[in-house]
Amino acid sequence: MKEKRRFENPIYKRVILFFVAAVIVISAITLYNDYLSVRNEGIQFDEDNLRIHSDYDYRQRVLVISSSAPTQFQGVEEANGIYSVLSKSNIGYSIEYMNDNEMGDLDTHKDNFYAIIKEHVNYHKDYEQPFSAIMAGGDAALRFCMDHKQELFSNVPIVFYGVNDIDYAKECVSDPNVCGNIEKIYLRETIDLARALRPNADEIIMIHDLTDEDRADWRMLQNLAPEYPKYKISDINTGQMTTEAFCETIENLNEKAIVLCSHAQKDSAHHTFSTVKRFKMIAEHCNVPVFTCYMEAIGNGATAGDVVYARDCSMEAAETVVQVLTGAKPVSTFSLQSNPTHRTAADREMIKKFQLNFGALPEDTTMVNDASQYMREYQAVFISFGIIVLGLLVVLGVLFYEYKILGVHISREKQAEDASNAKSTFLFNLSHDIRTPMNAIIGFTDLALKNTSDKKKVEEYVGKVKVSGEYMLNLLNDVLEMARIESGKLEIDEAPMDLFNELDHIKSLVDDSAAKKNLTLDFRNKNIVNNVIYGDELHLRQIAMNLLSNSLKYTKDGGTITYIQEELPYDREGFGLYRITVADTGIGMSNEFIGHIFETFERERNATTDGVQGTGLGMSIVKRLTDAMGGEITIDSELGKGTTVTVTTPLRIANQSTVKYSEEDEEVFDLNGTHALLAEDNDLNREIAVELLQENGIVVDAVEDGSEAVDKVIEKEPGTYDFILMDIQMPYMDGYKATETIRRLEDKQRASIPIIALTANAFLEDKQKAAIAGMNAHVAKPIDINVLCSVIGNVLRYRDYRIDNIALSEFKEKYHDLGCPCGYFVYRAEDDENILYVDDATMTIFGCDTKSEFMELVGGSFKGIVHPDDLDAIEDEIVRQQKASDKALDYIAYRIIRRDGKVREAVDIGYKVFNGEEWLFYVYIADVTDLKEKE
């Protein structure tokens, strides 16, 4: 009996898997710890510290009223500082943010803002433990507290911090129950630093707006003017300018000017910018370096400054609160304190950009955007990342074969031998194709670490690391796509598309690669009469790109690649026959290999192909996608002369009007200031999402699972959250269950919060599950923030157009209990009403075994589902009910014709849904023929 090879022995497989899993776990822990250590050295955005745990029985409790917003750098830093002090003394706290950016001119708008904050404070007083002290952060908060002291905070100590108006602060501390620290702005020190870096300057310009802090900074500069008699003093008030006018102004400033910038977060159109966004705008347009006294601006556009640390200010105030509440010192003994915490900070890139003298900076300057420091800090991150990716792919490869994806219907002995050979071939290819980018990742990381002083080289090396990482991601995607096809889960998602536009788009994807090899591209259309068709754009593009990728790989420098889209004569009504031809002057293939080219993991190996990356999955994927679309593929090739591949497939013709050519009329939804609840169980994914959302002006509360999301919705006042971003796979309660729970809440405002799935579950059926659970839309990870913001805006605009999960469940339960076959399908709300998705149960109702049979029976449209004699009446009834229902709901009865010709009675419940991208109808259908016959 033939001895088993070690790899085929289950014991050895388990040892291998255990070893690889251990490597992954250890590497992941190392990666996470290194990441945290790097983060902890700088200023942290510790989101957990912003949470309010009102149910905890603290010994004493403090109410913090902050002038900032929770998305602002300063607001986060304040909260972190307060938490770090109060938590050690078992003193709880709640934070109320005033967001003074939105107040503009305080004298004009303070009544409205004060009324809102007063209402919030009263809520805290009514529903939380009595407050032992009040902390006021910033000028606006202190003014509010003092104006309402007798009404709201009688006999309660008030400790303020971060206040810029010194005169008002002195007035406040005359009250023996009030003390605090002023946030000294080191404007003189910043000006002197700027003078050292720009010795030839002759003017000082301050950029500011009308908010309290900026007004105080501008007054301070005016008071300092006598100390700088040689300089002209002027200002730019962004609150009186449009953003366009501001950008134009700073593009043409006096080249000898010292430019100082406060927060400058408002413009004349009442738009509000975060400090980070404003300074990035300044960096893009300003023709001279800009200096500031605010740390969050350094590294985001400001060149340098003597900066204040908000965390230290709030920590000092919190320590005062602890001493007051523990009886160590009375409030009156603290009176007025000046915060001395400051240091020089500079952006290395901006110093180099404007060719300033590094020697003019103090020795203890905190330097940001320092490439050498970054590379040193993240060395372990690069290496750990590589080990994790390598380990995951090896595990994937082993598991892939463990479940017999390569199995063929032959004898067991022959099957085992073929599978073993296929495994060996796959592992050989996979090993080679993983090692190639891994060598690049490790090698270029090592080179970057050795050349940290040369920014250009570091950027080049990191860019190559990124390219190698993208290749590994594509490799993983190919393996997963093949697994999905083999498991029978491939879905063809037809939508209107323009073949002319598609040709231009595909060419744009390969232009750069072709240019690098000096290849000539010949892209053209031929005999296309019906250019607008219904097709699966993703998979059609995947076919085209796989074919073109092979041509790019195997065509030598100076060669030619031809890509032709052609419409052929076709006699099937409503359809066109289309052919894609990809021809190249590459190395060609042997006849022997052409016979095996569509087999999984097959690659021809010879001297001319050994240096080319690939797993041998591309053509297998093309073949299976073509078959799924009812098409054919042929190959003509000759060694040394090139290859021609043709793919021919029938596609349904669409009306020209179904494709939108312009989005100029689309209204951009302003998300700035909106409040989101994010449910995400992965710490790193959660942090990435929070920062991306905050950069777009969105206030974010984050939780770790679905049950916490439900608790947050119940805990917060109705209307607190504008929308929820919900992961699907989470512990304790997944995203579907959490959504269904929220939709069943008694409070209608809470129950109707827009919910968007933000998940790595990205297949078509995942989108359908999200919609049926009651979600408004589905966005796939990794996050493209532009796509996400667009979907959020659209969902907020059409928030009521979603499935009512409760009514849907009642419909399903009713007819299931009555013994009626039930299923669902989805079609687009367009003139053609083309069907996007149909489940197996619906196909059974219509007597069809496959989706192809069903689509052929009904012509791919809802119009084909309804009996022709009932169609007009049913469409009129749908329109009538949809207009009359605030839930975009209709409930109708009609006849259908099965594939065997039998007429059946059906009822359905339909929802008009806007999924963030397009209008759809979700329809649950029940065959009630037998039920009616019994009646």
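Here a visitor asks a guide how some labels on this predicted model are earned.

Visitor: What makes Lys118 and Glu151 a salt bridge?

Guide: Their closest N and O atoms are 2.3 Å apart. The cut-off is 4 Å between a side-chain nitrogen of Lys or Arg and a carboxyl oxygen of Asp or Glu, so the pair qualifies. Lys118 sits in helix α3 and Glu151 in helix α5, so the bridge ties together parts that are 33 residues apart in sequence.

Visitor: Why is Glu151 called partly exposed?

Guide: Glu151 has a relative accessible area of 46%. Buried means under 20% and exposed over 50%, so a value in between is partly exposed. Lys118, at 25%, is partly exposed too.

Visitor: How do you know that Arg904 counts as buried?

Guide: Its relative accessibility is 19%, and the limit for buried is under 20%, so Arg904 makes the cut. Its salt-bridge partner Asp930 is partly exposed at 43%.

Visitor: What makes Arg904 and Asp930 a salt bridge?

Guide: The closest N and O atoms are 3.6 Å apart, and the limit is within 4 Å, so the pair counts. Arg904 is in strand β29 and Asp930 in helix α31, 26 residues apart.

Visitor: And Lys641, which bridges to Glu638: why is Lys641 called exposed?

Guide: Lys641 comes in at 59%, and exposed means over 50%, so the label fits. Glu638, at 42%, is partly exposed.

Visitor: Why do you say that β24 and β25 pair?

Guide: They share 4 bridges, in the parallel sense. Pairing takes at least two bridges, so these strands pass. Thr759 stands opposite Ala780 in β25.

Visitor: What makes β22 and β25 edge strands?

Guide: The open sheet runs β22-β21-β23-β24-β25. β22 and β25 each have a single partner strand, so one side of each is left without a neighbour in the sheet.

Visitor: Which residues touch the most other members of the largest nonpolar core?

Guide: Phe523, Ile543, Leu547, Leu548 and Tyr563, out of 36 residues. Among the elements that each supply at least two residues are α17, β15 and β17, while α18 gives the largest share, 6 residues.

Visitor: What is Leu548 in contact with, leaving aside its neighbours within four places in sequence?

Guide: Ile506, Val510, Phe523, Ile561, Tyr563 and Val582. Contact means heavy atoms within 4.5 Å, so each of these reaches Leu548 inside that limit. A second, separate core of 30 residues includes Tyr231, Cys293, Cys313 and Met350.

Conventions: Residues are numbered from 1 along each chain as its sequence is written. This is a predicted model: local features need pLDDT of at least 70, side-chain atom pairs count only at pLDDT 80 or more; totals for chains, interfaces and linings use all residues. Side-chain values use heavy atoms; hydrogens and water are left out. A nonpolar core is a set of buried Ala, Val, Leu, Ile, Met, Phe, Trp, Tyr and Cys residues joined through side-chain atoms within 4.5 Å. Buried means under 20% relative accessible area, exposed over 50%, partly exposed in between (1.4 Å probe, protein chains only).
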